[in-house]
Amino acid sequence: MPQVATTLAFADRLGAWKARWGIGRLNYLVPPGLYAVGAPTPDAPVLVTANYKMSYDIVRSSLTGRNVWLLVLETYGINVWCAAGKGTFGTEELVRRIGISGLAGAVMHRRLILPILGAPGVAAHEVKKQTGFTIRYAAIRAGDLPAYLDNGMVTTPAMQELTFTLRERSVLIPVELVQALKPTALTAAVLFIAGAALKGPADGLTTVYAYLGAVVAGAAIAPLLLPWIPGRSFAVKGAVTGLTWITAFYLLAGGQGWSVPATAAAFLSIPAVSAFYALNFTGCTNYTSRSGVKKEMRIALPTMGCAVIFSALMVLAGRFL
Amino acid sequence: MKGFSYLRNVATLELNRDACIDCGRCSEVCPHQVFSLEENKARLINFDACMECGACAKNCPAAAIRVDAGVGCATGLINEWLREQNFYRVSKECC
């Protein structure tokens with residue numbers, strides 16, 4: 001039986017930091033199976049989690065001084081919430097893992113404690129039917145596990161309510177920026193060449209700065225300021241931060257000297273770029289619905305596309321007419 | 001969820017109260033407190049907070065809940081659409 005430490009080493013913290021920056025994030029995992037935290041007896045509770053190492057680390061570090069069983073499912077290194085959405089943190093894997101791990105022989109009782117965010121993948125009644133194990137969904141955050149276990153396994157309303165604090169949002173930003181890096185670098189190169197060819201290297205650079213600011217406004221500023229930016233739609237929120245950015249850039253970078261078509265193009269295309277990146281952040285939130293995102297995309301994507309194409313046409317027309 | 005609200009009247013969530021057996025699972029698994037248990041039946045009290053994760057429908061032993069659950073991010077939806085159009089292979093870089 002593998003024994004689990006409940007204190008995180010420097011290597012664990014470094015690993016989590018690297019994963020947040022997208023370094024080896026898709027291959028950060030622990031072997032699935034049954035683990036012992038402390039010295040669990042056959043009556044000790046059984047907690048279930050995913051085999052993304054960051055998930056496993058967060059769970060075990062919340063269990064200091066306790067004697068419990070930890071059943072780690074094979075989710076291919078994906079966290080509980082995303083794996084439940086995909087179905088890998090699911091009924092089938094849970095049933096299979098209960099069998100392979102010999103859990104029924106290790107414990108006398110037939111109860112499992114699951115994270116609430118694992119529920120989209122697991123049908124509790126099916127697991128009960130197939131294995132005899134009863135499921136209780138304990139809490140959203142692993143940090144609430146001690147209180148849950150100490151309070152006679154009662155879920156308080158706070159344990160069941162999602163939050164999306166500034167801190168919770170900010171840890172998601174690095175990977176957003178890293179993932180935007182490649183397309184952003186390509187676009188910046190194209191913009192520089194186009195700007196330099198049309199007017200000169202200095203204008204090419206100005207275009208690139210404006211564009212990079214638009215990416216940051218959409219992928220970092222909009223997520224950070226999310227609840228304070230007006231609008232329900234993420235595209236609108238992104239357009240707001242983009243418009244704020246281009247206004248500031250216009251005032252600070254001597255926009256008064258820009259040509260009329262260039263100014264119009266900047267105020268049209270920059271908010272569109274920010275809106276695109278802000279819309280992309282819907283995938284990282286914990287309150288946007290698939291139907292809502294679909295609705296936004298149907299309206300926002302064609303609008304953004306038109307804004308960018310129209311901007312390019314204006315700049316070209318301003319140069320050649 | 002305090003301080004956050006997304007688009008209204010878009011969720012595909014449906015509850016068939018006649019089929020409800022009052023087991024309480026839906027309100028146990030919903031992270032947005034969409035359900036409440038009243039008069040021995042579940043009731044939708046916060047429809048617009050639904051993020052269509054599908055936990056309630058998956059865990060309803062009476063199959064009284066329906067929701068079109070699935071990937072809800074823009075990148076995922078664009079990839080899904082590109083795949084349907086047979087455009088290109090989809091990169092693995094997603095959560």
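**Notebook: aromatic pairs, domains and the A–B interface**

I began with the aromatic rings of this predicted model; the count comes to 14 aromatic pairs over all chains. I then examined one pair, Phe164(A) with Phe281(A). I noted that a pair of aromatic rings is described by the distance of the centres and the angle of the planes. For Phe164(A) and Phe281(A) the centres are 6.3 Å apart and the planes stand at 15 degrees, so I entered the pair as stacked. Planes under 30 degrees apart count as stacked, which is the cut-off applied here.

I next located the two rings along the chain. Phe164(A) sits in the loop between helix H7 (145-150) and helix H8 (166-170) of chain A. Phe281(A) belongs to the loop between H12 and H13 of chain A. The two residues are 117 residues apart, and I recorded the pair as a link between distant parts of the chain.

**Entry: Arg66(A)**

I looked up Arg66(A) and found it in the loop between helix H2 (53-61) and strand E4 (68-73) of chain A. Which residues does Arg66(A) contact, its neighbours within four places in sequence left aside? I listed Val37(A), Gly38(A), Pro146(A), Leu149(A) and Asp150(A). For Pro146(A), I noted a separation from Arg66(A) of 80 residues in sequence and of 8.9 Å in space, C-alpha to C-alpha. With Asp150(A), Arg66(A) shares a side-chain polar contact of 3.0 Å.

**Entry: the two domains of chain A**

I took the division of chain A as domain 1 (3-162) and domain 2 (167-320). Seven residues of domain 1 of chain A and eight residues of domain 2 of chain A make the contact. The C-alpha centres of the two domains of chain A lie 39 Å apart.

I recorded a buried area of about 660 Å² between domain 1 and domain 2 of chain A, with 59% of it on carbon and sulfur atoms. Which three residues supply most of the area on the side of domain 1 of chain A? They are Arg20(A), Trp21(A) and Leu162(A), which together supply 69% of what domain 1 of chain A buries against domain 2 of chain A.

I searched the same domain interface for charged and polar links. The rule finds zero salt bridges there, and one residue pair in polar contact, both residues at pLDDT 80 or more. By class, the side of domain 1 of chain A that touches domain 2 of chain A has three nonpolar, one polar and three charged residues.

**Entry: chain A against chain B**

I turned to the interface between the chains, where 50 residues of chain A and 43 residues of chain B take part in the contact. The buried area is about 4000 Å², and carbon and sulfur atoms give 56% of it. On the side of chain A, Arg232(A), Tyr287(A) and Arg290(A) supply 22% of the area, more than any other three residues.

How many salt bridges does the rule find across the interface of chain A and chain B? I recorded two. I looked up Arg290(A), which forms a salt bridge with Asp68(B), the closest N and O atoms being 3.9 Å apart. I also noted 18 residue pairs in polar contact between chain A and chain B, both residues at pLDDT 80 or more.

Elements of chain A that each supply at least two residues to this side include helix H3 (80-86), helix H6 (124-131), strand E6 (134-137) and helix H12 (260-280). The largest share, nine residues, comes from H13(A). I closed with the classes: the side of chain A that touches chain B has 25 nonpolar, 15 polar and 10 charged residues.

Technical notes. Residues are numbered from 1 along each chain as its sequence is written. Chains are lettered from A and ligands numbered from 1 in the order in which they are written. This is a predicted model: local features need pLDDT of at least 70, side-chain atom pairs count only at pLDDT 80 or more; totals for chains, interfaces and linings use all residues. Side-chain values use heavy atoms; hydrogens and water are left out. Domain bounds come from an automatic or database domain assignment. Contact means heavy atoms within 4.5 Å. Buried area is the accessible area (1.4 Å probe) that two parts lose on being put together, summed over both. A salt bridge is a side-chain nitrogen of Lys or Arg within 4 Å of a carboxyl oxygen of Asp or Glu. A polar contact is a pair of N or O atoms within 3.5 Å; within protein, one must be able to donate a hydrogen and the other to accept it, and residues adjacent in sequence count only if both atoms are side-chain atoms. Ala, Val, Leu, Ile, Met, Phe, Trp, Tyr, Cys and Pro count as nonpolar, Asp, Glu, Lys and Arg as charged, and the others, Gly among them, as polar. Helices (H or I, at least four residues) and strands (E, at least two) are DSSP runs, numbered from the N terminus. Rings of Phe, Tyr and Trp (its six-membered ring) pair if their centres lie within 6.5 Å; planes under 30 degrees apart count as stacked, over 60 as edge-to-face and the rest as tilted.
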